[in-house]
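The following account leads through a single protein chain, beginning with one helix and the strands beneath it and ending with one residue. Please keep the sequence and the model in view while reading.

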Amino acid sequence: MSGMRGLALALALALPAIAARAQDAACTVPAAAQVLEWRSAVLGLRMRYPASFPLEATGPDTARFVSLDGQASATVTAIANGLGQSLAEVMREARQDIIENSGGEITYTRTTPSWFVLSGYMAGRIFYRRSLVSADGGMIGTLWVEFPRALKPCFEAAVTTMSLSFREWPR
């Protein structure tokens, strides 16, 4: 738990610098935005997100958030884990899909016992994927964020907010 506190503290200290760089990059989305909370008992997931990423659409297994300027999106999905995949198996499949099927490049990976993150570049865009397997093993939840590489300073704070808060929520 101290590792997460350290990460949270480091991010809290970094956010003002990220916001300042975002303004320098001629961002059209406000760097400091009100933070809202989205919860779905149907999907069994929750996440905090900046108001500058309003919820655009929901479906039976998906919620999609799009930045006010339309250049970035965050999609939350929940699918049944019908094959009973472990988190390691889900990650292996995700890596294969990103590298082999989509021609992407993974530049960052992090795993914990309950979730993993893959991030990198695909088709001129930055992608960020955080996935988890529910505590009962019956659901795979994923947060997928993407935006143009040139706008990294504009969206770093939003990705941090969404990622650190993406969790399972009781159905």
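In this predicted model, helix H3, residues 152-165, lies across strand E5 (73-80), strand E8 and strand E9. The direction of helix H3 makes about 170 degrees with that of E9.

The strands touched by this helix belong to an open sheet of seven strands, whose order is E3-E4-E5-E9-E8-E7-E6 with antiparallel pairing. Two strands form the edges, namely E3 (55-58) and E6 (105-111), and each of them pairs on one side only. Direction ignored, neighbouring strands of the sheet are turned by 15 degrees against each other on average. A second helix, H2 (residues 87-101), also packs on the sheet, where it touches E6, E7 (115-122), E8 and E9. Helix H2 runs at about 5 degrees to the direction of E7.

Strands of a sheet pair through backbone hydrogen bonds, and the pairing may be parallel or antiparallel. Strand E8 (residues 125-133) and strand E9 (residues 139-148) illustrate the antiparallel sense, with nine bridges between them. Within this part of the sheet, valine 133 has isoleucine 140 of E9 as its bridge partner.

The chain as a whole may now be considered. It contains three helices and 10 strands, and from the N terminus on its elements follow the succession α-β-β-β-β-β-α-β-β-β-β-α-β. Of its 171 residues, 42% count as buried. When contacts between residues at least 6 apart in sequence are considered, 48% join residues at least 24 apart. The accessible surface of the chain amounts to about 8800 Å², and carbon and sulfur atoms account for 55% of that surface.

One residue of strand E10 (residues 167-168) deserves a closer look: glutamate 168. Is glutamate 168 buried, partly exposed or exposed? Its relative accessibility is 35%; because buried means under 20% and exposed means over 50%, glutamate 168 counts as partly exposed. Leaving aside residues up to four places away in sequence, glutamate 168 touches Gly44, Leu45, Arg46, Leu132, Ser134 and Ala135. With arginine 46, the separation along the chain is 122 residues, yet the C-alpha atoms of the two residues are 6.3 Å apart. With alanine 135, the contact includes a polar atom of the glutamate 168 side chain, which lies 3.0 Å from the backbone nitrogen of alanine 135.

Definitions and conventions. Residues are numbered from 1 along each chain as its sequence is written. This is a predicted model: local features need pLDDT of at least 70, side-chain atom pairs count only at pLDDT 80 or more; totals for chains, interfaces and linings use all residues. Side-chain values use heavy atoms; hydrogens and water are left out. Two strands pair if DSSP finds at least two bridges between them. Helices (H or I, at least four residues) and strands (E, at least two) are DSSP runs, numbered from the N terminus. Axes are lines fitted to C-alpha atoms, for helices over the stretch in contact, and angles run from 0 to 180 degrees between N-to-C directions. Contact means heavy atoms within 4.5 Å. Buried means under 20% relative accessible area, exposed over 50%, partly exposed in between (1.4 Å probe, protein chains only). Accessible areas come from the Shrake-Rupley method with a 1.4 Å probe; for residues, only the protein chains shown count as cover. A polar contact is a pair of N or O atoms within 3.5 Å; within protein, one must be able to donate a hydrogen and the other to accept it, and residues adjacent in sequence count only if both atoms are side-chain atoms.
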